[in-house]
Amino acid sequence: MVWGIGSQHRGSACGLGQWVARMSAAARAWTVRDGVPRFAEAPIGPGSAPCGTGRDSALVRVRYAGVCGSDIPKLLPTWRGSLPTPWFPGHEIVGKDARGDWVSVDPLIACHSCGACQSGRTHLCRDLRRVGWDLPGGLAEMVQVPESSIVKLPYLRDPAHGILADPMAVALHGIRCGLEAGSGRLGVIGAGALGICTAVCAASTGWDVHLAVRSAARHQELQRALVGPRLSVHHRALPPCDAVVDTASGYDDSPLLQAVASVRDGGTVLVQNAYAPNVTLSLPLRDLFRRSVTLRGSFSYCRGSGHDDFRDALAFLTHGGAWADLLTRDRYPLPELPRALAALGRQDHCRPLKVLLTSNI
């Protein structure tokens, strides 16, 4: 079935409006206090103090919420970095608005008046706020966000594919702003959602893409899902590449060391990896200098150069195939976040690539 914005795409606006009115005082949400996640009622309706989204806000009934790889370590008791107090996580959100339309939520809320915003680099806004960090997020039955953050889903084969808008926007931004336009051999390190989105997106723009996968079982699984003349999946090692994108988990600097070792002299290494606090690069800097390697960081996504990365990502997802199905396959009921985190912590072939939390209220 194809999901769209027409009759199939819309629920009962009246029924949903009644639900919003009933739930506006409080709804259940995951909240982290003192490093401990709790699922309980939270004040996330209109006028609730934690929201801070102003009068031009709306409620979204959350149907799918993605657990981002950058959030996983923050949800574990071993996390030693800072967190908002309290923290309402979840920035990958798909649900229905008050009219019953399927929508996604752009989690970046910029001031639109500083120099960075005026140039379209909203991700570098001096007053940037983010749903799921500065503002309550979508690991909840409902979430209040600014009206401007609500984006109608285009026609998707499965509306759950919409939770990939955030990693796909990060991928698009990196390819557009972090790499020189053109073709060549591009290596991608990391086989999570961001790595897969980067590989698929780069292949569509003309790059000859080589994705490195650590697990032999995952290697076979991705070979089946990532089909195309410009996409190759490798077990661990990469061939020499003109550019390499580091999208792996950042608990140590081994992915970046592999990226530098795999790029040709004069090539570019693009870092999209959200490295954990205090991870440092152990490579002698003279090696980068001698080889004329360009090392660039690519954070989040923006609206520069006439593009809107988030909305363009949703448009790209209308072509989502087996890879999008694979990334949205593992789903858990909203109250079962601990079970989802346990699955993500596995070290065998049964570890999900990504997990979604679902709500049926």
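**Exercise 1. Find how many aromatic pairs the whole structure holds, then classify the one formed by tyrosine 301 and phenylalanine 310.**

Solution. Keep in mind that this is a predicted model.
- Step 1: searching the whole structure turns up 4 aromatic pairs.
- Step 2: for tyrosine 301 and phenylalanine 310, take the ring geometry, which is 6.0 Å centre to centre with 35° between the planes.
- Step 3: planes under 30 degrees apart would be stacked and over 60 edge-to-face, so the rest count as tilted. The pair of tyrosine 301 and phenylalanine 310 is therefore tilted.

**Exercise 2. Decide whether tyrosine 301 and phenylalanine 310 are buried or exposed.**

Solution.
- Step 1: the cut-off for buried is under 20% relative accessible area.
- Step 2: tyrosine 301 comes in at 3%, so it counts as buried.
- Step 3: phenylalanine 310 has just 1%, so it is buried too.
- Step 4: for the wider picture, 54% of the chain's 361 residues count as buried.

**Exercise 3. Work out which residues touch the most other members of the largest nonpolar core, and see what leucine 186 contacts.**

Solution.
- Step 1: this core has 60 residues, and the ones touching the most other members are Leu186, Val209, Leu222, Leu226 and Trp323.
- Step 2: helix α4 (residues 193-204) gives the core its largest share, 9 residues.
- Step 3: now pick leucine 186 and skip its neighbours within four places in sequence; its contacts include Leu179, Ala202, Trp207, Val209, Cys241 and Val245.
- Step 4: don't miss the other core, which lies apart and has 29 residues, among them Ala58, Leu75, Leu337 and Val355.

Key:
Residues are numbered from 1 along each chain as its sequence is written. This is a predicted model: local features need pLDDT of at least 70, side-chain atom pairs count only at pLDDT 80 or more; totals for chains, interfaces and linings use all residues. Side-chain values use heavy atoms; hydrogens and water are left out. A nonpolar core is a set of buried Ala, Val, Leu, Ile, Met, Phe, Trp, Tyr and Cys residues joined through side-chain atoms within 4.5 Å. Buried means under 20% relative accessible area, exposed over 50%, partly exposed in between (1.4 Å probe, protein chains only). Helices (H or I, at least four residues) and strands (E, at least two) are DSSP runs, numbered from the N terminus. Contact means heavy atoms within 4.5 Å. Rings of Phe, Tyr and Trp (its six-membered ring) pair if their centres lie within 6.5 Å; planes under 30 degrees apart count as stacked, over 60 as edge-to-face and the rest as tilted.
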